[in-house]
Amino acid sequence: MIGRDLLGIEDLDRADIERILETAEHMGEIGEREVKKVPTLRGRTLVNLFFEGSTRTQTSFEIAGKRLSADVVNFSAMSSSLAKSESILDTARTLDAMDPDVVVVRHGVAGVPKRIADVLEAPVINAGDGAHEHPTQALLDLFTVSREKGRIDGLTVTIVGDILHSRVARSNIYGFLKMGAEVRVAAPPPMIPPAIETLGVKAFTSLREALDGADVVMALRIQNERLAGSYFPSVREYAATFGLDRGKLRYAKDDAIVMHPGPVNRGVELSHDLADHRPGVILDQVRNGVSIRMAVLYLISGRRPSGGSD
Ligand code: NCD
């Protein structure tokens, strides 16, 4: 994967995903050491280019880069020349002239990381673009499931919530299907993309049916920032029908785990109880996110295409 962009799970094959998950397993060991740092990316520069807010993803890329000894530069769109109306591509060209080794991009519009990747010499990692993809989130979710369940192949994964506007849903659909899971989505009808079944998932408007026999239940936040119009009568009604709590979870398998990419709207898509306690695994997802991002950074920028490793 050296020098390759990571723009979406759609572009990866099963072998790529397996290699990333195996590498993340080793990276997790570094995080357990007293000195959580290895020299693997010493002398490399990682630029975090975030045009949209982020807590988990940006911090986790920063920690991942630092654990590998890369120099990490955080570029926030509000404090840059973009606020003086420089175009995104000019910003990208300017950055390119500073010769970064890997650039992580988040943007509210689908396709921007790809456009930046077309300009940059350095490989680009998509950290979420509009409602399109969020590949490292799906990879950390796959990693979390594989650690919890010992496999992904043959599991039933139910994704509940705002499927239409969620890049996490899309990346996870590709990822879990490529790894051999059955994927179901459940939401009020307007939040289910019209042709979703052509991707190979089963769509449900009844949560009870969608949860029947599920091994993994993933709740998603309603993407209020991307909603135009009304998708359900009220938040209270949504919570009553699609909000996960211990009562509704009884429809899933007894040992089902509950995931959420964060940030959680407590009491809407997830009860407080499941947000804080097992079978909720939300903080494990966050912890695993650092290992996954270390793995991806290493596999993409650990060695120069022409040079040897160090
Ligand atoms: C997600 C995102 O930004 O797409 N959050 C994250 O990266 N952990 C999900 C969300 O905002 O709902």
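How do the residues of the shell around the ligand divide into nonpolar, polar and charged? In this predicted model, the shell holds 3 nonpolar, 5 polar and 4 charged residues, and the tour begins by putting them on screen.

Select the ligand together with Arg-56, Thr-57, Arg-106, His-134, Gln-137, Arg-167, Val-168, Arg-221, Gln-223, Pro-261, Gly-262 and Pro-263, which are the residues around it. If you then display the pockets, you will find the ligand in the largest pocket. Next colour the secondary structure elements: those that contribute two or more residues to the shell are helix H2, spanning 56–67, and helix H6, spanning 167–178.

Now colour by domain, with domain 1 covering 9–132 and 287–300 and domain 2 covering 135–285. Because both domains give residues to the shell, the ligand lies between them.

Zoom in on the polar contacts of the ligand, starting with the side chain of Thr-57, where an N or O atom is 3.0 Å from a ligand oxygen. Move on to Gln-223, whose side chain places a polar atom 2.8 Å from an oxygen atom of the ligand. Then select Gly-262, where the partner is a polar atom of the backbone, 3.0 Å away from a nitrogen atom of the ligand. With these contacts in view, switch on the surface: the ligand taken alone exposes 310 Å², and the protein buries 93% of that area.

Stay with Gly-262 and follow the chain into Pro-263, since the peptide bond that joins the two is cis, with omega about -5°. Pro-263, itself among the residues around the ligand, is placed in the loop between strand S9 (257–259) and helix H10 (272–276).

Continue along the chain to Arg-278 and Pro-279, where you will meet another cis peptide bond, its omega near 5°. Pro-279 belongs to the loop that runs between H10 and helix H11 (282–301).

For a final stop, return to H2 and select Ser-69 in the loop between that helix and strand S2 (71–76). Check the backbone here, as phi of Ser-69 is near 70°, a positive value in a residue other than glycine.

Key:
Residues are numbered from 1 along each chain as its sequence is written. This is a predicted model: local features need pLDDT of at least 70, side-chain atom pairs count only at pLDDT 80 or more; totals for chains, interfaces and linings use all residues. Side-chain values use heavy atoms; hydrogens and water are left out. A residue is near a molecule or strand if one of its heavy atoms lies within 4 Å of it. A polar contact is a pair of N or O atoms within 3.5 Å; within protein, one must be able to donate a hydrogen and the other to accept it, and residues adjacent in sequence count only if both atoms are side-chain atoms. Accessible areas come from the Shrake-Rupley method with a 1.4 Å probe; for residues, only the protein chains shown count as cover. On a 1 Å grid over the protein atoms alone, a cavity is a set of points where a 1.4 Å probe fits but cannot get out, and a pocket is an open set with protein on both sides within 12 Å along at least five of seven lines; lining residues have an atom within 4 Å of a point. A molecule sits in a cavity or pocket if more than half of its atoms lie within 2 Å of its grid points. Helices (H or I, at least four residues) and strands (E, at least two) are DSSP runs, numbered from the N terminus. Ala, Val, Leu, Ile, Met, Phe, Trp, Tyr, Cys and Pro count as nonpolar, Asp, Glu, Lys and Arg as charged, and the others, Gly among them, as polar. Domain bounds come from an automatic or database domain assignment.
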